[in-house]
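Grab a coffee and work through these short exercises with the model open beside you. Each task comes with a worked solution.

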Amino acid sequence: MAIGCATGIASIHQAGLVHGQFGPDLVVLGRDGSRVVHFSTTPPYGAATPAADILAWAHTIMFAAAGHRQASADALGALPADLRPVVADCLSPDPVARPHARALLTETC
């Protein structure tokens with residue numbers, strides 16, 4: 001799921017857009033993996049930034065692992081060990097410190 005969602009966000013960012021509303025309710029799980037839906041993509045402005053999408057991705061992955069929306073960095077133990085540092089980086093309170101979508105995709109694969 002992490003890779004499928006990271007691929008969707010990376011594709012949106014590569015087009016120079018942001019999702020702006022990414023979250024667990026905008027991911028569909030199918031036989032061939034996860035898909036990002038609700039294509040209200042927009043140019044980056046205001047709170048809709050690439051860094052916000054990356055933070056939303058981390059919260060979505062934490063929700064999938066922990067089973068509740070208020071998952072924090074303390075709940076990283078619910079993730080597979082190889083995914084923990086990637087999600088931790090994306091949860092950084094400093095938007096500049098969060099990885100770009102392409103780096104996120106590279107780190108999750």
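**Exercise 1. Work out what share of the chain is buried, and how far to trust the model.**

- Buried residues make up 39% of the 109 residues in the chain; buried means under 20% relative accessible area, exposed over 50%, and partly exposed in between, with a 1.4 Å probe and protein chains only.
- This is a predicted model, where local features need pLDDT of at least 70, side-chain atom pairs count only at pLDDT 80 or more, and totals for chains, interfaces and linings use all residues. Residues are numbered from 1 along each chain as its sequence is written, and side-chain values use heavy atoms, leaving out hydrogens and water.
- pLDDT is the predictor's confidence in each residue, from 0 to 100. Its mean over the chain is 87, with 93% of residues at 70 or more.

**Exercise 2. Lay out the secondary structure and check the compactness of the chain.**

- Count 4 helices and 2 strands, where helices (H or I, at least four residues) and strands (E, at least two) are DSSP runs numbered from the N terminus.
- Along the sequence they run α-β-β-α-α-α.
- The radius of gyration, taken over C-alpha atoms, goes up against the globule rule, 2.2 Å times the number of residues to the power 0.38. The chain comes out at 13 Å, close to the 13 Å that the rule gives for 109 residues, so it's as compact as a globular protein of that length.

**Exercise 3. Find the residues that touch the most other members of the largest nonpolar core.**

- A nonpolar core is a set of buried Ala, Val, Leu, Ile, Met, Phe, Trp, Tyr and Cys residues joined through side-chain atoms within 4.5 Å.
- The largest one has 24 residues, and F22, W57, I61, L79, L83, V87 and L104 touch the most other members.
- Helices α1 (2-14), α2 (50-66), α3 (84-90) and α4 (101-108) each supply at least two residues, and α2 gives the most, with 6.
- Now zoom in on W57: setting aside neighbours within four places in sequence, its contacts (heavy atoms within 4.5 Å) include C5, F22, L83, C90 and L104.

**Exercise 4. Why is C90 not bonded to C5?**

- A disulfide is a pair of cysteine sulfur atoms within 2.5 Å; searching the whole structure turns up 0 of them.
- C5 is in no disulfide, and its nearest cysteine sulfur belongs to C90, 12 Å away.
- That 12 Å is too far for a bond, which is why C90 stays unpaired with C5.
- As for burial, C5 counts as buried at 0% relative accessibility, and C90 is buried with a relative accessible area of 0%.
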